Each structure stands twice: as structure tokens, then as C-alpha cells.
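Please open the structure in your viewer and prepare to make a short series of selections. The tour proceeds from the overall division of the chain to one sheet and the helices packed on it.

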Amino acid sequence: MIERLVGFDTTSANSNLNLIVFAAEWLESCGARVRLTHDETSQKANLFATLGPYDKAGVILSGHTDVVPVDGQAWSSDPFRLEERSGRLFGRGTADMKGFLGLCLALAPDFAARDLAVPVHFALSYDEEIGCVGVRRLIKDLDHLPVKPALCLVGEPTGMAVIGGHKGKRSVRGTVLGKQGHSALNHRGVNAVEIAAEIVAFLRGLQRRLREQGPFDAGFDPPYSTIHVGSISGGTALNIVPASCRFEFEIRDLPEDDSDALMAEIRAFAVSLVPEMLAVDEASGILLDEYNSTNGLVCRADDPAVRLALTLTGSETVQKVAYTTEAGLFASAGIPSVVCGPGHIAQAHKPDEFIEIEQIRLGEAFLRRLMDAVDAGGAFPGLLKSEREGVASDAE
Ligand SMILES: [Zn+2]
């Protein structure tokens, strides 16, 4: 199954429909109810499939179908053809996260063969790698269910560690519109590059303050919110006052930080630069366009998703990671969520991405224990009990 999924080139720039249609047919053949939500181009879709009783609160198994590009990466083998070498499966997406999706799909017939006390949902999203774009539509569409799912397991590669917290992320595009002119007469121009540089320097100062003064959360590496400028471009020649400059930055905020306040501080600084620009040219200005944001994940110790993942993995510790996942969005929608999946993030997004077969085995064992937990006569009859009771009282 992993080989099949890797074979679909679902780089975020491409359509993911071939994979989605394949998965939909497969899950339907297992008896699942399947629902697709498309993007505005109809070239990409999320899949949401349900096995078991539709009117009960169940468990979502969630993963994204898209992968990062292979452009400019030196691969030892075809990235879209699974290759097994020395206990590892190589291919784009093996770790992030077609290994997990492959396991879920391969085990769907086994889930279907059980007497499921609560439903198991399969949530496959598009465009996660470009800012958790697709899953937002899938989450909105969950209103079609008669009952809200009890919890969500996001199978991003954590080496099967239980991740109960991650940072949030805000992505911002900055544009400085200045006024062109001869560099010898720079007092008649508005230098967009220099103004952008002042904002970049301000961001750097803010980062320094966060690093030195916090807030801190020792569960994260690094233990403070980060601010990073990823790109900048502007200007055409040394003797021309540059008319425009564009840059991009992000804030990855700790759950205990107030990223709204940070953004407000950044905007206030940008606004303070504007009068001097307007004095030279009324058409000049600064745009800060926040084009994407993903909520952080903060799980309490008694979170049902955390408790389930700890039981299924046999682990006693809950960890935190710096990168964002779709779990933050599910949790914000009121569905307790945790991140736990096979493979390691360190092997993702790189040439010769791989997943160890041992990790696949651990992932399979995890899903088989979940099977017992959701089975009416299974080995963990009480595990999801409190969630079921919670649902009964919700329905009343
Ligand atoms: Zn991923």
C-alpha cells in the first residue's frame, strides 16, 4: 500500500486526485462511507471516510496526501518509486506521511471486519505542506456528521512518540512601496529596500527579546517563540532608489505567548515609519499581509486523545515539537487531537527520504491496538468509554 501511495506524485503543486480516487475506491470496497471536499480548482480533494456506526462519536485517523518537492535534491533512486534497502523504505513521502496513510488504508479491511462500537474515520487532506490549507475545508465539512468525532490521531512522523503540544505559525508577506529616483537625489525618493531593512531589523530585535526574556516553555526546542525572515527582494541597480521591496516572515509562537500582541507590535513599528514616507510621496506605504496561520496545539494531561495514544503506544510521556501540524486545527474545532505516527521528522523533506520498516511495524501494532479499543468485544472495552458517555450527554 505504501508503494502504491508513493507512486502517486502528489507534490503540493500537483493534483492529488489520482491518489484520492484510489483511496476512495479502496475504502468504499471495505464498506466505508466516503465523502470528498474539493478545492476551488477541483484539482485537489480531501477524503473523509467512515467505517462503523455513523451516529456515534469515533476516532479520526488523519494524514495529509501531499508531499514536498524533489526539485534540486540529489536522490539515489526514483523518489516516486518505493525502494527497499537495508531495512528502510525509500521514497518521497515514506516518512511524511504516506507510511502512516499506507498503514491506515492497508488495515481498513481489518477495521471493517470488526464489530466496531464507535466509528473509525479516515481523513486524508491536500496541501498540508503549504500551510495546512486543505484540512480547513475538511474540518468545516465535519458538520455533516450527526455527532462530533471524539478525538483525532494525526499520524505525522514522531517515531511513535506521543506529541501533545506544538507551536502555532503565522506567515506574513511584507511589501514596501517606495518612490523611484536617481540615487544622487535620494531625498526625492522613498527607499523601499531601506525601509524593509528597518522592519527586518525590528523583527530581529524582537526575536532577541523573546530569546532572552521569554516566555519560555522547556518542553520545546527552542523553548521560546521564534521569528524568522525567509526571503527578501527589491531594487534594480545601485544608482536607482528602489521603488519596492518584498519580504516574508513567520512567527512560530509558544502556546503561552500572545502572537496577536507580537503582530500588533510589528504593525505599530511599520506604521511609525509611514509618515516619513508619505512626506515624500503620498502613494508610498507598507503592506503586511498575513496570508496563513495555523493554531498551536496544547493538550491537557487528561485530554482523551492523549490518554488513548499513551495507552496504545504504552508510553508514559507526552512530548512537544516546534513544527506545526493539522492537529492544532482539529483541536481548535473542538476535537481533542494528538500527533503520533511512524517514522522520523528528521528524515522528511530530504533527498533519500525513508522510513524504517521497524517503524512501520510499530505503527501497525499501534493501529491494531486501536482496533481492539474500538471493537465492541475487544481488549480495551473501557478505553473510549468516557468519550462515549460524553457523547450520550451531548446528544441529550
Ligand atoms: Zn507532514
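**From domains to a sheet**

The centres of domain 1 and domain 2, taken over C-alpha atoms, are separated by 36 Å in this predicted model. To display the two parts, colour residues 2–166 + 297–395 as domain 1 and residues 169–294 as domain 2. Where the parts meet, nine residues of domain 1 are in contact with nine residues of domain 2. On the side of domain 1 that touches domain 2, the residues comprise four nonpolar, four polar and one charged.

Next, select the strands β4, β5 and β18, which form an open sheet in the order β4-β5-β18 with antiparallel pairing. Why is one side of β4 and of β18 left without a neighbour in the sheet? β4 (83–85) and β18 (354–356) stand at the edges and each has a single partner strand, so one side of each has no neighbour there. On average, neighbouring strands of this sheet are turned by 25° against each other, direction ignored.

Now restrict the view to β5, residues 88–90, and β18: the two pair in the antiparallel sense over three bridges. Within this pair, label Leu89 and Ile355; Leu89 stands opposite Ile355 in β18.

Add helix α3, residues 94–112, which packs on the sheet and touches β5 and β18. The direction of α3 makes about 55° with that of β18.

Finally, select residues 357–374 to show helix α9. Helix α9 lies across β5 and β18 and runs at about 65° to β18.

Key: Residues numbered from 1 in each chain as written. Predicted model: local features only at pLDDT ≥ 70, side-chain atom pairs only at ≥ 80, totals over all residues. Pairing = 2+ DSSP bridges. Helix = DSSP H or I, 4+ residues; strand = E, 2+ residues; numbered from the N terminus. Axes fitted to C-alpha atoms, helices over the stretch in contact; angles between N-to-C directions. Contact = placed C-beta atoms within 7 Å. Domains from an automatic or database assignment. Nonpolar A, V, L, I, M, F, W, Y, C, P; charged D, E, K, R; others polar.
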